[in-house]
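Colleague: I am new to this structure and would be grateful for a close look at one part of it, namely the packing around a buried position. Please begin with how much confidence the prediction carries, and then set that part in its wider surroundings.

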Amino acid sequence: MPGEESSAPVPAPTGTVTTAVPARLDRLPWSRWHWMIVIGLGTVWILDGLEVTIVGNVAGRIAEDGSGLDISSAQITGLAAALYVAGACSGALFFGWLTDRHGRRKLFMITLVVYLAATALTAVSFESWWFFLFRFLTGFGIGGEYAAINSAIDELIPSHYRGRVDLIINGSYWLGAIGGALLSIVMLDTDIFAKDLGWRLSFALGVLLGLVVLLVRRHVPESPRWQFIHGQGDKADTLVSSVEREIEQEKGEKLPPPAGEITIHQRKSIGFGLIAKTVFGRYPRRAVLGLSLFIGQAFLYNAITFGFGTILITFFDVPTGSTGYYFAVIAAGNFCGPLLLGHLFDTVGRRIMISGTYLLSGILLFVTAWLFDRGSLTATTMTACWCVVLFFASAGASSAYLTVSEIFPMETRAMAIAFFYALGTAAGGISGPLLFADLTESGVVGDTVLAFRIGAGLMCAAGLVAAFLAVKAERRSLEDIAEPLSAAAPDAPGAAGSGTKTA
């Protein structure tokens, strides 16, 4: 954006390469190869949705006598939820740094293994401290996934489709939420499974699904954009050439020539100091935008939806074993938002759609809080209201991940995602469950109304920030939105046309 383009120091290069890899990737038509990327990387969000929803819906059962754990429902939706999010924040920062340093592929394999191991160990919890520990470690793995996966997706998907694909993949979390909600109904049925067994099997089934994802993910390649910056230009060229041949054979026609080249001073790694200077010194308004979007959606989702089952039980006398039906409905509304609105982020544009979805969801949540305060809602109509609110909120929340993954330079991408996710989620996702667990469980209508209003207010505030600061990123190359820190000046020695190595 104007006023944000100042120079940044670049560490000593390991070599110079002129490459058309970004343009070659962006001009590819949609193909089977892209579907492989979506399935291999996007399906982990389904696991995350399954995980969080199961915990929310089985909280009441785990808190009952005979569950095998001495733990309260408030501890599960409050302390355990906060620990899960704290783990996700920590994992995002730790694995985000490793992702920018060692590549997207290594880390999206490692983080999935961490996630699966911790989930499996949650299933065999025998004391509350064990449950809390592995909720933290499960979050640690999923936080790393956020950084590695969003980086890889945006760098592999053509610019024409990037917005809708990123939104739908992040929104697929709610397919897992639907599965988790329905699965919890069966697992909580004491005519089928004992009290101390059903909730454990819920986690175990998530592990089985994750193992399938792990097998599919083996075929997802490293990001060629990461490769050519980190001294692996030949590997990047070989990978993109093989994809081009595959797509030409699939489509039965030659691909058009790429739109241009970029010259890069290659490097092995980047330090935290340069990342911070780039994000806050070079792009301060983009930093404010990213932080606002993440805080708004984190409060809405982590603070309120974690306790949705408790709200139904406390205020509408919904049986513990039936909350899954209601949650499946709002989860469907959440997935439909990115699915049906996603293409508009690539056509109508980022600014209108990001600000519009945040503001609409916030206003509708204020209306829901007013109706709830008046006593005008039943369990069914409350669920319907939430379904409409979250239809827009889900598209907005997904666009937060899209935004921070595309508006900062390539070398800082994973760390930028990790930083804004961790900071925003720490503000809304850790403090939220701890603050709102007591509010939603108190049985006092006014307390829950306050929780709704806080979430609504923060969503509206983020929408207003986006209206002024959102970046016009639709259908633009990542390198055009934010020039890589390693890019050579057009007239610098080693720039395009000067006889340097070409990939």
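Modeller: The model is predicted, and its mean pLDDT over the protein is 83, with 88% of the residues scoring at least 70. Confidence is highest in helix α15, residues 350–374, at a mean of 96, and lowest in strand β3, residues 501–502, at a mean of 46. Residues 1–13 have a pLDDT below 50, although this stretch makes 28 contacts in the model beyond near neighbours in sequence. For residues 492–502 the pLDDT is likewise below 50, and the contacts counted beyond near neighbours number 21. Where pLDDT is low, predicted coordinates should not be read in detail.

As for the whole, the protein contains 19 helices and 3 strands. Of its 503 residues, 60% count as buried. Among contacts between residues at least 6 apart in sequence, 87% join residues at least 24 apart. The accessible surface comes to about 17,700 Å², and carbon and sulfur atoms account for 65% of it.

The part to examine closely is G342, which lies in helix α14, residues 323–347. Its relative accessible area is 0%, so G342 is buried, the limit being under 20%. Setting aside neighbours within four places in sequence, G342 is in contact with G163, R164, L167 and G337. One of these partners shows how the fold joins positions that are separated along the chain: R164 is 178 residues away from G342 in sequence, yet the two C-alpha atoms are 4.2 Å apart.

A second residue helps to fill in this picture. S398 belongs to helix α16, which covers residues 379–406. With a relative accessibility of 4%, S398 falls under the 20% limit and therefore counts as buried. Leaving out residues up to four places away in sequence, S398 touches D166, L167, N170, G171 and P338. L167 is thus among the contacts of S398 and also among those of G342. P338, another partner of S398, falls within the residue range of helix α14.

Aromatic rings offer a further view of the packing. The protein has 27 aromatic pairs. In one of them, F126 and W130 have ring centres 5.0 Å apart and planes at 45 degrees, so this pair is tilted. Its two members have their own exposure classes: W130 is buried, with a relative accessible area of 18%, whereas F126 is partly exposed, at 45%. Elsewhere, ring pairs link F280, Y283, F408, F419 and F420 into a cluster.

The surface provides a contrast to the buried positions. W35, I39, V212 and V216 make a nonpolar surface patch of about 350 Å². Helix α2, residues 32–62, and helix α8, residues 198–217, each contribute at least two residues to this patch. V216 lies in helix α8, and its relative accessibility of 30% places it among the partly exposed residues.

To return to the chosen part, G342 has no relative accessible area, at 0%, and its contacts include R164, which is far from it in sequence by 178 residues. L167 is the residue that both G342 and S398 contact.

Terms used: Residues are numbered from 1 along each chain as its sequence is written. This is a predicted model: local features need pLDDT of at least 70, side-chain atom pairs count only at pLDDT 80 or more; totals for chains, interfaces and linings use all residues. Side-chain values use heavy atoms; hydrogens and water are left out. Patches are made of residues with over 30% relative accessible area and no salt bridge: like charges are joined within 9 Å, nonpolar side chains (Val, Leu, Ile, Met, Phe, Trp, Tyr) within 5 Å. Accessible areas come from the Shrake-Rupley method with a 1.4 Å probe; for residues, only the protein chains shown count as cover. A salt bridge is a side-chain nitrogen of Lys or Arg within 4 Å of a carboxyl oxygen of Asp or Glu. Helices (H or I, at least four residues) and strands (E, at least two) are DSSP runs, numbered from the N terminus. Buried means under 20% relative accessible area, exposed over 50%, partly exposed in between (1.4 Å probe, protein chains only). Contact means heavy atoms within 4.5 Å. pLDDT is the predictor's confidence in each residue, from 0 to 100. Rings of Phe, Tyr and Trp (its six-membered ring) pair if their centres lie within 6.5 Å; planes under 30 degrees apart count as stacked, over 60 as edge-to-face and the rest as tilted.
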